[in-house]
Amino acid sequence: MSRSIVRQSKFRHVFGQAVKAEQGYDDIRVSKVTWDSSFCAVNPKFLAVIVESSGGGAFLVLPLSKTGRVDKNYPLVIGHSGPVLDIDWCPHDDNILASCSEDCTAMVWQIPDHSLTRPLSDPIVVLEGHSKRVGIVTWHPTARNILLTAGSDNLIIIWNVGTGEPLISMDDHPDLIYSVSWNRNGSLFCTTCKDRRLRVCDPRKREVVAERLAPHEGIRPMRAIFIRDGNIFTTGFTRMSQRELVDHLSHFGSLLELDTSNGVLLPYYDADANMVYLCGKGDSSIRYFEITEEPPYVHYLSTFSSKEPQRGMGFMPKRGVDVTKCEIARLYKLLDKKCEPITMTVPRKSDLFQDDLYPDTAGPDPAMEPEEWLDGRDEDPILISMRDGYVPPKSRELKVAKKNVLDSRPTTRRSMSRLLEEIQNLKATVLSQEKRICDLENKLSQYANGTA
């Protein structure tokens, strides 16, 4: 009698469940901008959502505890002059948020611990370096104050937020950049581009170290994320516009076709559980997969489905989940007028802390300073235990030495005067050299005519 062998997995029975209506966030005017970002970012303290706004770009920041109906006059963050396209919380400070916009800038904000009482319009620093709209903003996973931006000018800039200066600029992409993802220690990042190429870049060498043409045959936008051991996971479309995913764990990669929906698949990776959650824009479902070390590498687990389609999605860092309920992930689903938290839980009978579900996870402390990273040092995230849960610390002020921002005006004036003086000297030199050339040419012609 043959007996089928069932793959062992502690995540086989993970199930998703939406919270009760009163624990969600209602009356939110979610942005209708046609841009394929998540429109939502969340951390253990705050929920941030890009919203509709007249006269520029704005986003809403709510303490997680402020559930229920959101007052229509609730203060917004309103610094951008164009629609906001992407937002990202700093992994090393729960009160610091970066945003980018169609106004060609990125901004960094300090959010107070309490609820906003008036609109916030003064960012800590404004990052100006792109010539077209900035569509992607993402923090370095282990180095303090390092921020990456990517714009429609096909340019990637890495900034030191602590000084407001650009550290690295890369122009290796010939077309629009769809996505950027750092690896675990921040030594590399991978990108997808409209030219249908997947690239792995070393920012400190300012070069593309690996490249693959058309991991997906379709021309519609694809996404890529770094997963364990430096491998890459991509989502995209076939020639017939079917959605598919490819894991590049083997030499050739293994491909899995999903469905024929038009929405771009946004992948979220849980490094502790080695799971990937796929959330399609316009879908009403969330699929989740487990990644293993043996073929076929990617194993489908289950799907969470609801009635309403999602406009975007936020993914809670592992330190923000509830370990007392065996919650391994929490996603914040954006609908047209509200945000609905969805918990992913592993059913366990015991009330004790489950060590196998919660290995030490990335904590809020940076592993190194910007200068160390720029000099070539690599460090994995500093890990913390989840045994007693995670309590977010109080707000810490981000100290910005704006030597390249506030001190630029007098320095610029001095530089301009020196430049003008140098230009005048060069012009005088050029005029004297031209006169000398004319004299020599006249002598040469005299010799040629025999009149000299």
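Two bridges join β5, which covers residues 57-63, to β7, and the two strands run antiparallel. That pairing belongs to a predicted model, and it's a handy way into a structure where strands come up again and again. Below: the sheet around β5, two stretches flagged in UniProt, the run from β24 to β26, a pair of asparagines with positive phi, and a pocket.

**The sheet with β5 and β7**

- Where β5 meets β7, glycine 57 sits across from histidine 80 of β7.
- Zoom out and you get an open sheet of four strands, in the order β3-β4-β5-β7, with antiparallel pairing.
- β3 (40-42) and β7 (77-80) are the edge strands, each with a pairing on one side only.
- Going from one strand to the next, the twist averages 20°.

**The UniProt repeats**

- An unreviewed UniProt entry puts the feature "repeat: WD" at residues 77-119 and again at 127-169.
- For residues 77-119, the C-alpha atoms at the two ends are 6 Å apart, and the span is 51% strand and 0% helix.
- For residues 127-169, the end C-alpha atoms are 13 Å apart, with 56% strand and 0% helix in the span.

**β24, β25 and β26**

- β25 has antiparallel partners in both β24, over six bridges, and β26 (residues 285-291), over five bridges.
- Tyrosine 277 of β25 is a nice landmark here: tyrosine 268 stands opposite it, and its bridge partner in β26 is tyrosine 288.
- How much of β25 is buried? Six of its six residues are, so the strand counts as mostly covered.
- As a rule, side chains in a regular strand alternate between the two faces of the sheet.
- In β25, Met275, Tyr277 and Cys279 point one way, while Val276, Leu278 and Gly280 point the other way, and all of them are buried.
- The hairpin of β25 and β26 has four residues between its strands, and glycine 282 in that turn has a positive phi of about 90°.
- The hairpin of β24 and β25 also has four residues between the strands, and there asparagine 274 takes the positive phi, near 55°.

**Two asparagines with positive phi**

- Asparagine 274 isn't a glycine, yet its phi is positive at about 55°; look for it in the loop between β24 (265-270) and β25 (275-280).
- Is asparagine 274 buried or exposed? Buried, because its relative accessibility is 13% and the cut-off is under 20%.
- Asparagine 154 is another non-glycine residue with a positive phi, near 65°, and its loop runs between β13 (146-151) and β14 (156-160).
- Asparagine 154 counts as buried too, because its relative accessibility is 18%.

**The second largest pocket**

- The second largest pocket comes in at a volume of about 530 Å³.
- It has 23 lining residues, and the closest to its centre are Asp322, Lys325, Glu327, Arg330 and Thr343.
- Which strands each supply at least two residues of the lining? They include β1 (15-18), β29 (327-334) and β30 (338-345).
- Sorted by class, the lining of this pocket has eleven nonpolar, seven polar and five charged residues.

Notes
Residues numbered from 1 in each chain as written. Predicted model: local features only at pLDDT ≥ 70, side-chain atom pairs only at ≥ 80, totals over all residues. Heavy atoms only, no water. 1 Å grid on protein atoms, 1.4 Å probe; cavity = no way out; pocket = protein on both sides within 12 Å on 5 of 7 lines; lining within 4 Å. Points joined across faces, edges and corners; volume = space filled by probe spheres on them. Nonpolar A, V, L, I, M, F, W, Y, C, P; charged D, E, K, R; others polar. Pairing = 2+ DSSP bridges. Axes fitted to C-alpha atoms, helices over the stretch in contact; angles between N-to-C directions. UniProt positions renumbered as here; feature names shortened; annotations may be inferred. Buried < 20%, exposed > 50% of the residue type's maximum accessible area, 1.4 Å probe, protein only.
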